[in-house]
Amino acid sequence: MRRGEGLPVSRLALGVAVLLAVLPSRAAGVNVTAALAAFPSFADFARLLASSPVAGELAARSSLTLLAVPNNNLPRSPSAFAAASGADIADVLRYHVLLEYLSPSDLARLPASGKLVTTLFQTTGRAPTDLGAVNLTIGGNSTVVVRSPAPSPGSNATVLGAVTAVPYNLSVFAVGGLIVPSGFDLAASDSRPPPAVNITRVLADARGFNVAASMLEASGVADEFEADERGAGITVFVPTDDAFADLPTTDRLQSLPADRKAVVLRFHVLHSYYPLGSLESIVNPVQPTLATECTEAGRFTLNITRVNGSVAIDTGVVQASITRTVFDQNPVAVFAVSKVLLPKEMFVLGDASSASTAPLLSAMAPDVAEDVRTPPTRLSSPPARDSGADNKSSSATARAANWWCIGLVYLELHLLLLHLV
């Protein structure tokens with residue numbers, strides 16, 4: 001190779017390097033939910049992002065800092081918390097996105113006056129002046145506090161530590177709670193409990209649950225459900241309209257007395273909040289229901305397992321599967337199920353089961369005790385004894401005895417003749 005032949009190649013390589021340096025990267029967007037997926041303690045916050053428009057807005061941005069709230073530090077109902085403050089949950093989440101990359105060393109070098117950082121909420125145009133920004137200041141014990149720049153007291157949170165980083169694109173810090181932008185009524189959220197989820201309205205908005213919604217409204221059980229949302233929350237399994245239509249004619253659910261129908265409705269509810277992922281990996285498959293609380297332990301329970309990749313619910317009479325998530329917002333989860341969940345305590349065969357059901361119904365509702373003589377749906381008596389068949393059997397036995405006696409007489413005569421011979 002002659003001298004100088006390598007020169008054009010070197011110049012070409014240098015030109016390509018310069019071009020790559022000045023052109024914007026196609027992978028500039030940051031997948032925040034994917035970055036949080038490796039940290040289960042932030043699963044609820046990641047779910048909030050994914051269910052809002054914020055996750056899509058972040059996909060088009062780079063060089064940002066996310067203030068994420070751990071599961072244990074989130075309000076029981078983040079959406080209700082935001083609504084009680086006069087804010088939208090999406091705007092509250094936008095207020096947790098800082099539009100510049102900050103590393104732990106950047107926070108350690110904050111000036112005494114603090115650092116004002118613009119958030120994604122500022123870009124919406126709904127934040128007056130600079131109230132779409134946060135002020136990062138040094139608090140006691142050298143902690144970093146995130147607060148609103150407004151002079152009036154407002155929402156603030158302490159930075160708990162760094163979570164993860166994609167250098168110069170995404171930095172994630174854990175903070176001690178949700179931060180509400182200034183101008184919203186934070187005092188209202190502190191003094192007023194989050195409103196209960198109206199499950200009947202959820203079903204009406206979801207469509208395909210007209211029968212279940214009308215039964216809930218007519219029975220008054222929906223009010224019980226809303227009261228039970230406090231504490232551990234609730235999980236509701238709702239049969240679709242098709243599931244009610246597929247009930248056999250022998251399952252006269254709609255003709256049951258009101259008290260028994262209410263028991264069936266309570267049988268569709270777990271007194272704990274279980275998102276779908278928790279149901280798929282549930283440790284104890286036998287779960288008590290709200291109907292269990294009205295009777296005794298071990299009664300009116302559901303057996304929840306994973307079958308062929310989906311969640312199966314076995315009542316002892318029918319086996320249903322979860323077909324889709326209707327509503328999932330801590331502390332309430334609502335799932336569509338393929339069949340009406342019929343409790344074995346009320347929908348089994350045999351008189352013995354009917355007798356055992358009577359005291360249960362008496363304990364649940366005094367009015368029902370008077371009606372225990374009426375057989376519950378699907379209950380049937382064993383076949384009646386056939387007296388004609390018994391008579392025939394007796395006649396056959398008598399005839400057999402007669403032939404036996406004749407045989408003995410014949411044998412004695414035969415032996416006598418042999419003796420004479």
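The largest pocket of this predicted model holds about 340 Å³ of space. A pocket here is an open set of points on a 1 Å grid over the protein atoms alone, with protein on both sides within 12 Å along at least five of seven lines, and a lining residue has an atom within 4 Å of a point. Volumes are the space filled by probe spheres set on the points, which are joined across faces, edges and corners. Of the 17 lining residues, Leu48, Pro78, Asp328, Gln329 and Asn330 are the closest to the pocket centre. At least two residues each come from helix H3 (43–50), helix H5 (78–84), helix H6 (89–94) and strand E13 (319–329), with H3 giving the largest share, three residues. Helices (H or I, at least four residues) and strands (E, at least two) are DSSP runs numbered from the N terminus. The pocket lining is mixed: seven nonpolar, six polar and four charged residues. Nonpolar covers Ala, Val, Leu, Ile, Met, Phe, Trp, Tyr, Cys and Pro; charged covers Asp, Glu, Lys and Arg; the others, Gly among them, are polar.

Turning to enclosed space, a cavity is a set of points where a 1.4 Å probe fits but cannot get out. There are three cavities of 30 Å³ or more, and the largest has a volume of about 130 Å³. Its lining comprises 15 residues, with Ala212, Phe237, Pro239, Leu265 and His268 nearest the centre. Helix H10 (210–219), strand E8 (234–239) and helix H13 (258–266) each give two or more residues to this lining, and E8 supplies the largest share, four. By class, 14 of the cavity-lining residues are nonpolar, one is polar and none is charged.

Residues are numbered from 1 along each chain as its sequence is written, and side-chain values use heavy atoms, without hydrogens or water. Local features need pLDDT of at least 70 and side-chain atom pairs count only at pLDDT 80 or more, while totals for chains, interfaces and linings use all residues.
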